[in-house]
Amino acid sequence: MQTEVIIAGFGGQGVLFAGQLLAYAAMDEGKQVTWIPSYGPEMRGGTANCTVIISDEEIGSPLVFHPKAVIAMNRPSLDKYEPMIKPGGVLIINSSMVDRKATRTDIKVVEVDANVVAEKLGDKRLSNMVLLGALLHQLGVMPAEAIEKALRSHLPERHHKLLPQNYEALHEGARFQVVEI
Amino acid sequence: MARELMKGNEAVAEAAVRAGVAAYFGYPITPQTELLEYMSRRMPELGRAFVQAESELAAVNMVYGAACTGQRVMSSSSSPGVSLMMEGVSYIAGTELPMVLVDVMRGGPGLGNIAPAQGDYNQIVHGGGHGDYHSIVLAPANVQEAVDFMALAFDLAEKYRSVTVVLMDGMLGQMMEPCELPAMLPMKTEFPDWAVTGAKGRERRFLTSINLNPTQQEITNLRMLNRWAQVEANEIRYREYFMEDAKYAVVAYGSAGRISLSAVRTARAEGIKVGLLRPITLSPFPREAIYQASRKLDGMLVVEMSSGQMLDDVLAATRFTVPTEFCARIGGVVPYPDEVLDSIRNLVKGPLTTEGHPRDRWLKRMAERN
C-alpha cells in the first residue's frame, strides 16, 4: 500500500515543514517514506511544494503524477494539482487563501479556513498544522497522535513550549468535514 | 539501530565521516551544496580537515596532495564542478591513489540547470579525465544505499588504489529518507607502503603521474589494467526485481532505476511479465549479468535521465541480439513512472526488432510529442 501526498503553497507557509513532519511520523510508525521538495531557485512568496510518499515496501519513484492526496494552500496550487489527484483521493483546500471552490466530484474535498483557525489559536503560522490535521483525518494512514509524537521527538527542545498549540491545531483541522460538490 | 530521516546530501556526508574520512576539500554548487555545508560544520568538530577551496580545480588538487599521505580523503561536486576537477582526477588515477568523489548530477551540458539528470554517465563511467584509466563508479538509488556506498567507496578506492565515484543526482541529494547510519569507524592508524608519511629513517617514497619514458608508462598502465581486471572479477554489483520469470526487463540505474521500479510494479499488476535489472556498479558494468538475463528475454527497455549513454553499454552487453527500446527524459526533466509504464506497454505491443537503433526511435517519438 502506497500513499502519495503533495503539499503545495507559497514559500513561508510551512509547506516543506508540514511534509517533513508527515515523513518523520511515517518513519516512526515503521513505514518506508520519501520526502522530496521542489528545489528550484525559490524565494519567499514564490511557490513551494513537496511530495511525501508513505509505503509498506521499498519506494520507487519519489515523484508521482497522480497523488492520492493534495493540500493546496493557495490558488495556484489548487489550479495545478486538483486535476491530478487520483479518483477517490483527498483534496484539502486552505479556503482562507483560495477564492474558488473545487470542481472535481470524484474525490473527497475538505475546505479548511486554516488561517482563521490558526489565528484563533494565537498564531497564524499554525495554519499548516490545521491543514495537516484535516488531511490525516481523511487519509487514515496514521493517527493524529503519530504527528504529535513526531513533533515531540524531532522538534528541538527549545520549541517544545509550542507543542500544545500545535496539537490543538491538528485537532481543530480534523474537525472539518468533506464538502458536497 | 534507530533510523534517521536525512537529506541525501547530508546522509552521504555523515556516512563519509563515519567511514573515517580525514580530509574533505570542496567548492559549493547546487544541488550538492548541503554535503559541503554539512562537512564544514562536522569535520572541524571532530578535529578533521575541511577546506572550502577557491575553486574545484584547487579542491581536487588538495585531494591529490592529501591522498598521497594514505589518509581517507574526498571531494564532492555537481556536474559542471566535476568537469573542472577532471584534470586532477586523471593525475590521481595516474599516481595510483585512492580517492572518493561524489557527483550529484544536474541538468546540462554547460551550466545547464540544477534539476536532477544523469548526463554525466559517459564522463564518469568511461573515463572523465584524459588517459588510460578506469574509475570505480557506484550508483545508489536511495538514501540508504548512498549511505552504505560511502564506506564501500573508501574500501574499494584503497583496495584497488583507484578513484571511486559515487554517482548520484539532484533528486537523491535533495530528498529525505529514513536511513540507518553505520557506527563510527576508528581513524586509520596504519598506512600503505606507498604513502608519503615522512621519510625520516627510511628511503623516501616518490608519488607522481609523470612518466617521460613511454616504456615505463606502459608498465604502469598495464599494472593498473591488471588491477582493473581484479575489480571486474570481484566488484560487480547490481540488483534484480521480478526477474525470475520475466519475459521483458527494464535496465535503469539510480533515480531512473527507482522510477522504473514503480512502473514495473504497475505493469506486473497488469499481468505483464516484466522485471528490473538495476546496475549498482556502473563501472565495472554488469555486462555478463545483463547478457545472461537478456538470453531469456523477448525484449528490453533501457530507461535513463540522459540520451542513451548507458543504452550503448547495455546494447553491447546483449551483443545486440535482444530487441531493445529506449525511454528517457533529459536536460533535468524527471520522468514520471507513467511514462516508463507506457514504454513498457509499447515494448510488449511490439513490433520487437533488433533493426535500427533504439535511440533513433525514441528521438522520433520525442519529436512527435513536441
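Here are a few short exercises on this structure, each with a worked solution.

This is a predicted model, in which local features need pLDDT of at least 70, side-chain atom pairs count only at pLDDT 80 or more, and totals for chains, interfaces and linings use all residues. Residues are numbered from 1 along each chain as its sequence is written, chains are lettered from A and ligands numbered from 1 in the order in which they are written, and side-chain values use heavy atoms, with hydrogens and water left out.

**Exercise 1. Walk along helix α6 of chain B and describe it from start to end.**

Step 1: Find the helix. α6(B) covers residues 143–159, which is 17 residues. Helices here are DSSP runs of H or I with at least four residues, strands are runs of E with at least two, and both are numbered from the N terminus.

Step 2: Check its span. From first C-alpha to last, α6(B) reaches 24 Å, close to the 24 Å expected at 1.5 Å a residue. That expected span is 1.5 Å times one less than the number of residues.

Step 3: Look for a bend. α6(B) has a kink of about 30° centred on B:F149; the bend at a residue is the angle between axes fitted to the seven residues ending there and the seven starting there.

Step 4: See what is tucked away. The buried residues of α6(B) include B:V143, B:F149, B:M150 and B:L156. Buried means under 20% relative accessible area, exposed over 50%, and partly exposed in between, using a 1.4 Å probe and protein chains only.

Step 5: Look at both ends. At the start, a side-chain oxygen of B:N142 comes to within 3.3 Å of the backbone nitrogen of B:Q144. Just after the helix, B:R161 has a positive phi of about 45°.

**Exercise 2. Which parts of chain B does the aromatic pair B:Y121 and B:Y253 link?**

Step 1: Set the rule. Rings of Phe, Tyr and Trp (its six-membered ring) pair if their centres lie within 6.5 Å; planes under 30 degrees apart are stacked, over 60 edge-to-face, and the rest tilted. This rule gives five aromatic pairs over all chains.

Step 2: Classify the pair. B:Y121 and B:Y253 are tilted, at 5.7 Å centre to centre with 40° between the planes.

Step 3: Place the partners. B:Y121 is in helix α5, while B:Y253 is in the loop between β10 and α9, 132 residues apart. B:Y121 is buried at 0% relative accessibility, and B:Y253 is buried at 1%.

Step 4: Try another pair. B:F326 and B:W362 are edge-to-face, 5.1 Å centre to centre and 70° between the planes. B:F326 sits in strand β14 and B:W362 in helix α13, 36 residues apart.

**Exercise 3. Describe the surroundings and backbone of B:R319.**

Step 1: Place the residue. B:R319 is in the loop between α11 and β14 of chain B, and it's partly exposed at 47% relative accessible area.

Step 2: Check the backbone. B:R319 has a phi near 55°, a positive value in a residue other than glycine. B:F320, in the loop between α11 and β14, has a positive phi too, near 60°.

Step 3: Follow the side chain. The charged end of B:R319 sits over the ring of B:Y291, 3.5 Å from its centre. To count, NZ of Lys or CZ of Arg must be within 6 Å of the ring centre and within 35 degrees of the ring normal.

**Exercise 4. Find out what the salt bridge between B:R239 and A:E58 joins.**

Step 1: Know the term. A salt bridge is a side-chain nitrogen of Lys or Arg within 4 Å of a carboxyl oxygen of Asp or Glu. The whole structure has 36 of them over all chains.

Step 2: Take the pair. The closest N and O atoms of B:R239 and A:E58 are 3.2 Å apart. B:R239 lies in strand β9 of chain B and A:E58 in the loop between β3 and β4 of chain A, so the pair joins two chains.

Step 3: Turn to a pair inside chain B. B:E96 and B:R227 meet in a salt bridge at 2.8 Å, N to O. This pair links parts 131 residues apart, and both residues are buried.

Step 4: Finish with a network. A:R75, A:D79, A:E82, A:D99 and A:R100 are linked by salt bridges.

How values were computed. A polar contact is a pair of N or O atoms within 3.5 Å; within protein, one must be able to donate a hydrogen and the other to accept it, and residues adjacent in sequence count only if both atoms are side-chain atoms.
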